[in-house]
Amino acid sequence: MPPARLSTPAPDPGAEKVKTAASLAKEISADPEHADDLLARHGLDRDKLGDMMFEIASNPELSNAYEAARRAV
């Protein structure tokens, strides 16, 4: 029998959203006049960011992770 393969776990989409949202919040806070440009660099617009933030806010686990990420960045 061949040896068992260790598979790499799939990236957590929720964790990626939290990381992106926290990073963007920091960037936008530092340069609010260029918020739309900063969003575009991340492939987002204001509506997509709003949807992402709503998703994070409605999930307690993601919400806690976002708060922790905001304190860390």
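These questions and answers concern how helix α1 packs against two other helices in a predicted model.

Q: Why are α1 and α4 called oblique to each other?
A: The axes of α1 (residues 13–30) and α4 (residues 60–72) cross at roughly 40 degrees. Angles under 35 degrees count as roughly parallel, and 65 to 115 as roughly perpendicular. The angle of roughly 40 degrees fits neither range, and α1 and α4 are therefore oblique. Their axes come within 9 Å, and the crossing of α1 and α4 is right-handed.

Q: Which residues make the contact of α1 with α4?
A: From α1 come Gly-14, Ala-15, Val-18, Ala-21, Ala-22, Ala-25, Lys-26 and Ser-29, which meet Leu-62, Ala-65, Tyr-66, Ala-69 and Arg-70 of α4. By class, nine are nonpolar, two polar and two charged.

Q: Why are α1 and α3 called oblique to each other?
A: Helix α3 (residues 46–57) packs on α1 at an angle of about 120 degrees. Roughly perpendicular covers 65 to 115, and roughly antiparallel needs over 145. An angle of about 120 degrees lies in neither range, and α1 and α3 are therefore oblique. The axes of α1 and α3 are 10 Å apart, and the crossing is left-handed.

Q: What makes up the contact of α1 with α3?
A: Lys-17, Val-18, Thr-20, Ala-21, Leu-24 and Ile-28 of α1 meet Leu-49, Met-52, Met-53, Glu-55 and Ile-56 of α3. These residues divide into eight nonpolar, one polar and two charged.

Terms used. Residues are numbered from 1 along each chain as its sequence is written. This is a predicted model: local features need pLDDT of at least 70, side-chain atom pairs count only at pLDDT 80 or more; totals for chains, interfaces and linings use all residues. Side-chain values use heavy atoms; hydrogens and water are left out. Axes are lines fitted to C-alpha atoms, for helices over the stretch in contact, and angles run from 0 to 180 degrees between N-to-C directions. Helices (H or I, at least four residues) and strands (E, at least two) are DSSP runs, numbered from the N terminus. A crossing is left-handed if the near helix is turned anticlockwise from the far one by less than a right angle, and right-handed if clockwise. Contact means heavy atoms within 4.5 Å. Ala, Val, Leu, Ile, Met, Phe, Trp, Tyr, Cys and Pro count as nonpolar, Asp, Glu, Lys and Arg as charged, and the others, Gly among them, as polar.
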